[in-house]
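User: Please take a close look at one charged side chain in this model and at the elements that surround its place in the fold. I should like a single connected account, with every cut-off stated.

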Amino acid sequence: MDQQLQLNDFLEKYSQGGPLELRVAAAIDAIAAASVSLSQKISKGALDGITGEATKGQERNADGDVQKDLDVYADRVLREHLQRLPLAAFASEEEVNLEIRDPGASICIAIDPLDGSSNIEANMSVGTIFSIVRTPAEVSAAFSLAGTNQLAAGFVVYGPQTSLVLTTGDGVDIYTLDDSDNLYKRTRSRVTIPASTSEYAINSSNYRHWEVPVRTYIDQCLAGSDGPHEKNFNMRWIGSLVAEAYRILTRGGIFLYPGDARDGYGEGRLRLVYEAHPMSFIMEQAGGGASTGRERVLDIAPRSLHQRIPLIMGSVDEVRYIEELHADFGARDGMSAPLFAKRGLFRV
Ligand code: AFP
């Protein structure tokens, strides 16, 4: 097998781009090192005390999600590895507030330490997502800017392999962890997402709560070759954003977590700063699309650190088509009356 590019080699070369690139490279290196430790812990699971159970105090994160033991552990490991770096600000899904560190430092980092934690006890893939931005003039506004301000973004998926997906704004590469030497080695370079797809991912149990454009799109997929697309579709739903994104990067597809009529889900479930922004940067760098259905996710400036956002991402032709369906139904007038939200299928 030819000598595969190691992540360290890429970071060494990238860091020569200047002082800012040096800081970004050091941050990615620290996150990668933390992920090696997390990969080893996750692969042992209950043998190493990881059960996916809630923490003893049933603590909740900023969004009210009950924290699992691995959520808290992952947050701690990543903080430890990032502690030594000059960071202006640090944000985590597991902490309510933005942590201001050295305001004079050139970069800020936001992380979802462990995405998909509800899958841990089911031995399903989970992951770490990160976003690196340039420090703005006012450091407290570090994560109040549009996603186009990101310098780098990536995620690690702890699955059958542990792989790190990375963009620094010049395409997307995938590195796989070699457990014989604990080094990340590039297994795919300049990943390109196919523009069209026959595979969609959505949690269909929420059908009755969706807006009309989303229901229309899924109805069309279900109609298959009898429907307007004149082809049959396949469906996947893993319940782990990193696993869905990784699949889309390998074979195309469309992922939807739209807003819906459930209490608290008007803007969906995913967070803008440390889930949708990094994922959207990666999708677009791989030739895909990422939208709320009505606007490009990367153009959106967060109103708050843990703001939720609808996310429709993947094969670009599919993203654009879904945006057309939303445009046909006009701007959101509150939630378009969910078809069956509060009443049975048939009036009694
Ligand atoms: P957890 O981290 O709480 O497991 O949530 C995972 C997630 O944010 C994202 O990774 C999944 O795509 C999505 O939630 C699954 O949400 P549903 O459980 O509502 O399908």
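Analyst: The account below begins with one residue and then takes up strands, helices and charged pairs.

The model is predicted: local features need pLDDT of at least 70 and side-chain atom pairs count only at pLDDT 80 or more, while totals for chains, interfaces and linings use all residues. Residues are numbered from 1 along each chain as its sequence is written, and side-chain values use heavy atoms, with hydrogens and water left out.

The residue chosen is D115, located in strand β3, residues 107-115; strands (E, at least two residues) and helices (H or I, at least four) are DSSP runs numbered from the N terminus. D115 is buried and yet has no salt bridge. Here buried means under 20% relative accessible area, exposed over 50%, and partly exposed in between, with a 1.4 Å probe and protein chains only. A salt bridge needs a side-chain nitrogen of Lys or Arg within 4 Å of a carboxyl oxygen of Asp or Glu. The nearest side chain of opposite charge to D115 is that of R271, 6.6 Å away; Lys and Arg count as positive, Asp and Glu as negative, and His and the chain ends are not counted.

What D115 has instead is a pair of polar contacts to backbone nitrogens: that of L241 lies 3.1 Å from a polar atom of its side chain, and that of V242 is reached at 3.3 Å. Such a contact is a pair of N or O atoms within 3.5 Å; within protein, one must be able to donate a hydrogen and the other to accept it, and residues adjacent in sequence count only if both atoms are side-chain atoms. With neighbours within four places in sequence set aside, D115 is in contact (heavy atoms within 4.5 Å) with V126, G127, I129, S240, L241, V242 and E275.

These partners lead into other elements. L241 and V242 fall in helix α5, residues 241-251. This helix lies across β3, β4, β5, β6, β7 (172-178) and β8, running at about 100 degrees to β5; axes are lines fitted to C-alpha atoms, for helices over the stretch in contact, and angles run from 0 to 180 degrees between N-to-C directions. E275 is among the buried residues of helix α6. Of the 14 residues of α6 (272-285), 12 are buried, so this helix is largely enclosed by the rest of the structure. Just after α6, G287 takes a positive phi of about 85 degrees.

Strand β3 itself belongs to an open sheet of eight strands, in the order β2-β1-β3-β4-β5-β6-β7-β8 and with mixed pairing; two strands pair if DSSP finds at least two bridges between them. The edges are β2 (99-100) and β8 (183-188), each with a single partner strand, so one side of each has no neighbour in the sheet. Helix α3 (69-83) packs on the sheet and touches β1 (89-92), β2, β3 and β4 (126-134), its direction making about 155 degrees with that of β3.

On one flank, β3 runs parallel to β1, joined by four bridges, and F90 has I109 as its bridge partner in β3. The residues of β1 are buried on both faces, A89 and A91 on one side and F90 and S92 on the other. Strand β1 also runs antiparallel to β2 through two bridges, with A89 opposite I100, and a hairpin of six residues joins these two strands. Further along the sheet, β5 (150-158) and β6 (162-167) pair in the antiparallel sense over six bridges, where Y158 stands opposite T162.

D115 forms no salt bridge, but the model has 18 in total. One of them joins E99 and R79 at 2.6 Å, N to O, linking strand β2 to helix α3 across 20 residues of sequence. E99 is partly exposed at 26% relative accessible area, whereas R79 counts as buried at 16%. Both belong to a network of salt bridges that also includes D75 and R101. At helix α6, E284 forms a salt bridge with R296, the closest N and O atoms being 2.7 Å apart. R296 lies in the loop between β12 and β13, so this pair ties together parts that are 12 residues apart in sequence. Both side chains are partly exposed, R296 at 33% and E284 at 24%.
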